Amino acid sequence: MQRQQGSVPRGAYHITPIFIGRGEGAVVEDVDGNQFLDFAGGLGCLNVGHLQPRVVEAIRRQTDRYLHGCMHVTPYDGYTRLAEALNARTPGRFAKKTLLVNSGAEAVENAVKIARSYTGRPAILCFQDAFHGRTLLGMSLTGKTHPYKVGFGPFAPEIYRMPYAYCYRCSYGLTYPSCKMHCAHQIEDVFKRIVEPESLAAVVVEPILGEGGFVVPPSEFFHVLTETCRPRGVLLIADEVQTGYGRTGALFACERFGFEPDLLVAGKSIAGGLPLASVTGRTEIMDAPVVGGLGGTFGGNPLACEAALAVLEAFDSENLVQRARHMGDLIEAKMKDWQERFPLIGEVRGLGAMRAFELVKDRQTREPAKEEAVTVIRGCYERGLIILYAGTYGNVIRVLVPLVATDEQIEEGLSVLEASLAAVSQTVTPQSSSSR
Ligand SMILES: Cc1ncc(COP(=O)(O)O)c(C=O)c1O
């Protein structure tokens, strides 16, 4: 660790002070031989688990053929097969095409390029509390200032922002459903007072906020966005980098809301731990950029493509989408029980296996309990569980456990989390524990 601190900039942070030695399924062993249950999955990249056998075998097979050719020089079949698979499996029964790149941020950037090219419009609308990556455009689209934006300006122009349907912290002080989705309807006001729809290429939206704290909007949110944007030629880009591939109990979270975006961005878990991300969308939109306008040296690397095809096989053969729903039920039941017992928990939320709870110092004021969240997470690590926080206020504890974890591993991980939560709860005295 000292050597790392001496050789790597401090900006590249880490959450646990351990070096991984080996991973398998939902278990990580550090270089000292200590075992941890992994409820972080390398930041949501291991929905099929560490060293998924099909993925490892596919990578091994590919290493006998070639490691790189660059699709712009000598195309290869893995890229095409994966594009076909993503075109078939992403929501929307229309003709599609897929571009492959290296990271979620790069995929978001490309989705914006494609949307601008197709519409001939410059502006992009995004949401408060959103996270779309750390490149210039990615961080410009991201809401949270510290640490993602601080000191990194000026940001990309023509980006506009409105509140997300974060009901627990409603920007308008309203309550669902009596609010009648006021926040989503505010887009009409945005069109009048902030940016005219004729200049707007796309709305970029996460179906569930990931880094923003696993906020699940009511499904009407997407209906309103679709009904408002489609007639005005504004495209809808779904950023499924964190929600994608099974986490929410559907291959893509959009399916859970009946939402059909024009462009869908995926990343993280799609290649079982290898760097790969994708933009899939309507053929006519994807084909808007000129020949040579899209790509990159390593985009859709052959090893990553083979790994990604094996990930889809693993999803099918191990029924991981169903598994996510079952796992989500187990986790939700436990978290709801904790909410009854620990006043520190303000809200429990999620969809499928994408589950989290928000810690507050006081249930009335909903003052975020960030230090307590950090302490719970440290307590988990000390008891053998790797788990992450999230949220604009850093007070949300989220579960990104590999979907191959057994019920016993889920129970064990949750009991560690409970013990850590109980230890922290004893040391704080919430002012109002009765109201929720
Ligand atoms: C929703 C979302 N979009 C984009 C990104 C950026 O992905 P990457 O870190 O691969 O660039 C992330 C990463 O956490 C994400 O959660």
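A polar side-chain atom of Asp239 lies 2.6 Å from a nitrogen atom of the ligand, and this contact is a good place to begin reading the structure, which is a predicted model. Two further contacts involve oxygen atoms of the ligand: one such atom is 2.8 Å from a polar backbone atom of Ala105, and an oxygen atom of the ligand is also found 2.9 Å from an N or O atom in the side chain of Gln242. Taken alone, the ligand would expose 390 Å², and the protein buries 83% of that area.

From these contacts we can step back to the surroundings of the ligand. The space that the ligand takes up is the largest pocket of the model. Around the ligand stand Ser103, Gly104 and Ala105, then Phe131, His132 and Gly133, then the two glutamates Glu206 and Glu211, and finally Asp239, Val241, Gln242 and Lys268. When the residues of this shell are sorted by class, three are nonpolar, five are polar and four are charged. The classes can be followed by name, because glycine is counted among the polar residues, whereas Asp, Glu and Lys are counted as charged.

The next feature to look for is the pairing of aromatic rings, of which a search of the whole structure finds 13 cases. A pair of aromatic rings is described by the distance of the centres and the angle of the planes. In the pair formed by Phe222 and Phe259, the centres are 4.8 Å apart and the planes stand at 25° to each other, and the pair is stacked. The pair counts as stacked because its angle is under 30 degrees. This pair links distant parts of the chain, since Phe222 belongs to helix α8 (residues 220-229) while Phe259 lies in the loop between α9 (253-257) and β9 (263-266), 37 residues apart.

Finally, the backbone itself deserves a careful look in the loops. A cis peptide bond, with omega of about 0°, joins His146 and Pro147, and Pro147 is located in the loop between α6 (136-141) and β6 (159-162). Another cis peptide bond runs from Tyr176 to Pro177, where omega is near 5°, and this proline is part of the loop between β6 and α7 (182-193). The loop between β6 and α7 is also the place of Lys180, a residue other than glycine whose phi is nevertheless positive, near 50°.

Key:
Residues numbered from 1 in each chain as written. Predicted model: local features only at pLDDT ≥ 70, side-chain atom pairs only at ≥ 80, totals over all residues. Heavy atoms only, no water. Near = heavy atom within 4 Å. Polar contact = N/O pair within 3.5 Å; in protein donor to acceptor, adjacent residues only side chain to side chain. Areas by Shrake-Rupley, 256 points an atom, 1.4 Å probe, with all protein chains shown as cover. 1 Å grid on protein atoms, 1.4 Å probe; cavity = no way out; pocket = protein on both sides within 12 Å on 5 of 7 lines; lining within 4 Å. Sits in = over half its atoms within 2 Å of the grid points. Phe/Tyr/Trp six-rings, centres within 6.5 Å; stacked < 30°, edge-to-face > 60°. Helix = DSSP H or I, 4+ residues; strand = E, 2+ residues; numbered from the N terminus.
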